[in-house]
Amino acid sequence: MKTVRLTLRYDAETIHPMHRFVADSDAFDSYRMIHGNLVGDDDNTFIFYVVGDPDAYAAAMERTEEVGEYDLTRTGDRSFTVYVRDVPETVDERLLESLTKGSLVVLPPIEYRSDWTIRFSVVGESEDLRRALAGIPEGIEATVDRVGEYDGTDAAVGALTDRQREALRVGRELGYFDVPRTASVEDVAAALDCAPGTAAEHLRKAEATVMDALEL
């Protein structure tokens with residue numbers, strides 16, 4: 001079974017209003033869809049995990065016609081989950097239909113990024129993957145970041161936040177994971193321009209996320 005790591009770039013006509021709101025605001029650090037139920041009727045159901053201002057997000061939801069009912073649950077000072085029943089636009093319906101046909105499985109989380117892109121992985125048979133890429137609607141530019149055999153690692157990488165992924169990359173480049181270790185957490189913190197305690201927290205959470213995702 002093949003896996004494809006995709007980046008989809010939306011234009012002003014195709015981007016979802018909530019994605020655009022979060023992308024254009026300084027009040028949010030992370031925005032990911034962690035679960036989705038494509039019911040195939042008049043709406044779809046999703047759960048998002050967001051790091052940012054919950055009050056600003058809720059106010060934007062109230063103004064967005066594409067959002068049906070929703071339930072926001074705070075999980076920390078600046079983090080929350082949102083259960084959403086979303087009314088899809090035509091372009092969303094075509095995109096979802098293209099990515100869920102036949103053998104295809106979209107692997108959460110789906111990362112919604114500040115440059116109007118989303119990033120995620122899809123697993124399936126080669127022919128279905130080719131058909132899905134050919135069926136991406138106009139107004140959405142698809143970039144294939146990686147193609148390979150599915151071995152479970154996409155789930156681990158996709159579960160990381162941008163900052164956790166950066167911490168792992170910097171740690172690897174500096175030698176933090178070498179045996180014996182050739183860089184300290186202070187070195188990683190200096191490269192990330194943050195406090196050593198913050199760097200240590202990013203590394204610990206990233207390592208735990210990867211282990212959980214790989215089910216080792």
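This report describes salt bridges, strand pairing and nonpolar cores in a predicted model.

## Salt bridges within helices

A search of the whole structure finds 16 salt bridges. One of them links Arg131 to Asp128, with the closest N and O atoms 2.7 Å apart. Both residues belong to helix α4, which covers residues 126-134. Arg131 and Asp128 are three residues apart, about one turn of the helix. The two partners fall into separate classes of accessibility. Asp128 has a relative accessible area of 14%, and because buried means under 20%, Asp128 counts as buried. Arg131, at 46% relative accessibility, is partly exposed.

Helix α6 spans residues 162-174 and holds both Glu166 and Arg163. The side chains of Glu166 and Arg163 form a salt bridge, at 2.8 Å from N to O. Their spacing in the sequence is three residues, about one turn of the helix. Glu166 is partly exposed at a relative accessible area of 27%, and Arg163 is partly exposed at 28%.

Helix α6 also contains Arg169 and Glu173, which are four residues apart, again about one turn of the helix. A salt bridge joins the side chains of Arg169 and Glu173, with 3.3 Å from N to O. Arg169 has a relative accessibility of 35% and is partly exposed. Glu173 has a relative accessible area of 54%; exposed means over 50%, so Glu173 counts as exposed.

## A salt-bridge network

Some salt bridges share partners. In this way Arg5, Glu111, Arg113 and Arg165 are joined into one network.

## Strand β7 and its neighbours

Strand β7 consists of residues 117-124. Seven of its eight residues are buried, so the strand is largely enclosed by the rest of the structure.

Two strands that pair with β7 are described here. Strand β1, residues 2-10, pairs with β7 in the antiparallel sense over eight bridges. Strand β6, residues 105-112, also pairs with β7 in the antiparallel sense, over five bridges. Ile118 of β7 appears in both pairings: Ile118 is the bridge partner of Leu8, and Ile118 is also the bridge partner of Tyr112.

Strands β6 and β7 form a hairpin with four residues between the strands. In this hairpin, Trp116 takes a positive phi near 70 degrees.

## The nonpolar cores

In soluble globular proteins, nonpolar side chains tend to be buried together. The largest nonpolar core in this model has 34 residues. Which of its residues touch the most other members? They are Leu8, Tyr57 and Phe120. Strand β1 gives the largest share of this core, four residues.

Leu8 can be followed further through its contacts, not counting residues up to four places away in sequence. Among the residues that Leu8 touches are Trp116, Thr117, Ile118 and Phe120. Leu8 also touches Leu95, Ile136, Ile140, Glu141 and Ala142. Ile118 is thus both a contact of Leu8 and its bridge partner in β7. Trp116, with its positive phi in the hairpin of β6 and β7, is another contact of Leu8.

A second core, separate from the largest one, has 14 residues. Its members include Ala167, Val170, Val188 and Ala206.

Note on methods:
Residues numbered from 1 in each chain as written. Predicted model: local features only at pLDDT ≥ 70, side-chain atom pairs only at ≥ 80, totals over all residues. Heavy atoms only, no water. Salt bridge = Lys/Arg side-chain N within 4 Å of Asp/Glu carboxyl O. Buried < 20%, exposed > 50% of the residue type's maximum accessible area, 1.4 Å probe, protein only. Pairing = 2+ DSSP bridges. Core = buried A, V, L, I, M, F, W, Y, C linked by side-chain atoms within 4.5 Å. Contact = heavy atoms within 4.5 Å.
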